[in-house]
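Q: Here is a model I would like to go through with you. Please take a close look at one part of it and then work outward.

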Amino acid sequence: MSNPDKPNVTVTRWWWVRHAPVRSDGGNIYGQEDIDCDTGDVEVFEAVAKMLPRNAVWYSSNLKRTHKTAEAIWAAGFPKPESMTQERDFAELHLGRWQGMNRAAFLASRPPGNLWFADVNEPAPGGESFMDLYTRVCRTIVRITAAEAGNDIIAVGHGGVIRAAVGLALGGQPDRGLSFDIDNVSVTRLDHIAAPNVSVWRLPMVNQQPWIADPRHAAMHQPSGPEVRPASKLA
């Protein structure tokens, strides 16, 4: 028997999957360029396919590396959904004229201790700031969470996008979201809990990698932050 005095609680579960690794960037910053990805490590996709919920709705960005990643998960044994909605707001940060620059050299030129390409409020020339990305990602998460309330949502996205989602779940703190590593094909689950006068997030797992114990799959971790240094300094 239901308790009429107990408020209704709705839990909406987001399962974020970062796209597969990019191999064709030449060591350069690619940001919002529609660049290809490598889905050849079948065991990684089989592991992810086993942990994702079967009755979920699917979303992705408008960039093909998220579409190819979703297709690799379906090919690895996950039942292909009838549809997957593409959201332009889930595209990676537009890094403007920084796109095409050597990543290691660029990061070496930035102040030490940066967790991202720049301060969250500093836009790339001709592009966006992280706060621009955070704003568009969060408004779309809020909209989809309302539309899909109570459902499982699988969203195939990008490193910056998933960090923005984590920042939202941490109470609207984008800087804290940037503190997390988000590796390729990792799974991050963020649960939205809603009740009368209540709207909170729970973080069951961030950057989960079901294959991590096997060194054969180490290539899923592609350093892209302050640990990247020009080749001459790595010798």
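Is Arg-136 buried or exposed, and what is its relative accessible area? Please start there and then follow the sheet and what packs on it.

A: This is a predicted model. Arg-136 has a relative accessible area of 7%, so the residue is buried; the cut-off for that class is under 20%. Its side chain forms a salt bridge with Glu-128, and the closest N and O atoms are 2.9 Å apart. Glu-128 has 15% relative accessibility and therefore counts as buried.

Now the helix around it. Helix 4 covers residues 130-147 and packs on the sheet. The strands it touches are strand 1, strand 2, strand 4, strand 5 and strand 6. The direction of helix 4 makes about 130 degrees with that of strand 1.

Helix 4 also carries Arg-143, the partner of a second salt bridge. Arg-143 pairs with Glu-87, with 2.9 Å between the closest N and O atoms. This pair links distant parts of the chain: Glu-87 lies in the loop between strand 3 and helix 3, 56 residues from Arg-143. Glu-87 is at 11% relative accessibility, so it counts as buried. Arg-143 is at 45% and therefore counts as partly exposed.

Next, the sheet. Six strands form an open sheet with mixed pairing, in the order 3-2-4-1-5-6. Strand 3 and strand 6 stand at the edges with a single partner strand each, so one side of each has no neighbour in the sheet.

Strand 4 spans residues 152-157, and six of its six residues are buried, so the rest of the structure largely encloses it. In a regular strand, side chains alternate between the two faces of the sheet. Here, Asp-152, Ile-154 and Val-156 point one way, while Ile-153, Ala-155 and Gly-157 point the other way. Both sets are buried.

Strand 4 has parallel pairing with strand 1 and with strand 2. Strand 1, residues 10-18, pairs with strand 4 over six bridges. Within that pairing, Trp-15 has Ile-154 as its bridge partner. Strand 2, residues 57-60, pairs with strand 4 over four bridges. There, Val-57 has Ile-153 as its bridge partner.

Strand 5 and strand 6 run antiparallel. Seven bridges join them. In strand 6, Ser-199 is the bridge partner of Ala-194.

Strand 5 covers residues 187-195. Salt bridges occur here too. Arg-189 and Asp-191 meet through their side chains in a salt bridge, 2.8 Å from N to O. Both residues are buried. Salt bridges with shared partners join Arg-189, Asp-191 and Arg-202 into one network. Across the whole structure, a search finds 10 salt bridges.

Another helix lies on the strands. Helix 2 lies across strand 1, strand 2, strand 3 and strand 4, running at about 145 degrees to strand 2. Its 12 residues, 64-75, should span 16 Å at 1.5 Å a residue, and the end C-alpha atoms are 16 Å apart, which agrees.

Helix 2 has many contacts to account for. Its buried residues are Arg-65, Thr-66, His-67, Thr-69, Ala-70, Ala-72, Ile-73 and Trp-74. Strand 1, helix 1 (42-51), strand 2, strand 3 (85-86) and strand 4 are among the elements that cover them. Just after helix 2, Gly-77 takes a positive phi of about 125 degrees.

Last, the aromatic residues. A pair of aromatic rings is described by the distance of the centres and the angle of the planes. The count comes to nine aromatic pairs. One of them is Trp-14 with Phe-90: the ring centres are 6.3 Å apart and the planes stand at 80 degrees, so the pair is edge-to-face. Trp-14 is in strand 1, and Phe-90 is in the loop between strand 3 and helix 3, 76 residues apart. Trp-14 and Phe-90 are both buried.

Trp-98 and Phe-106 form a tilted pair, with 4.8 Å centre to centre and 50 degrees between the planes. Both of these residues are buried. Trp-98 and Phe-106 also belong to one aromatic cluster with Trp-116, Phe-117 and Phe-130.

Back to the start: Arg-136 is buried, and its salt-bridge partner is Glu-128. Helix 4 packs on the sheet, and strand 4 within that sheet is largely enclosed.

Conventions:
Residues numbered from 1 in each chain as written. Predicted model: local features only at pLDDT ≥ 70, side-chain atom pairs only at ≥ 80, totals over all residues. Heavy atoms only, no water. Buried < 20%, exposed > 50% of the residue type's maximum accessible area, 1.4 Å probe, protein only. Helix = DSSP H or I, 4+ residues; strand = E, 2+ residues; numbered from the N terminus. Pairing = 2+ DSSP bridges. Expected span 1.5 Å × (residues − 1). Contact = heavy atoms within 4.5 Å. Phe/Tyr/Trp six-rings, centres within 6.5 Å; stacked < 30°, edge-to-face > 60°. Axes fitted to C-alpha atoms, helices over the stretch in contact; angles between N-to-C directions. Salt bridge = Lys/Arg side-chain N within 4 Å of Asp/Glu carboxyl O.
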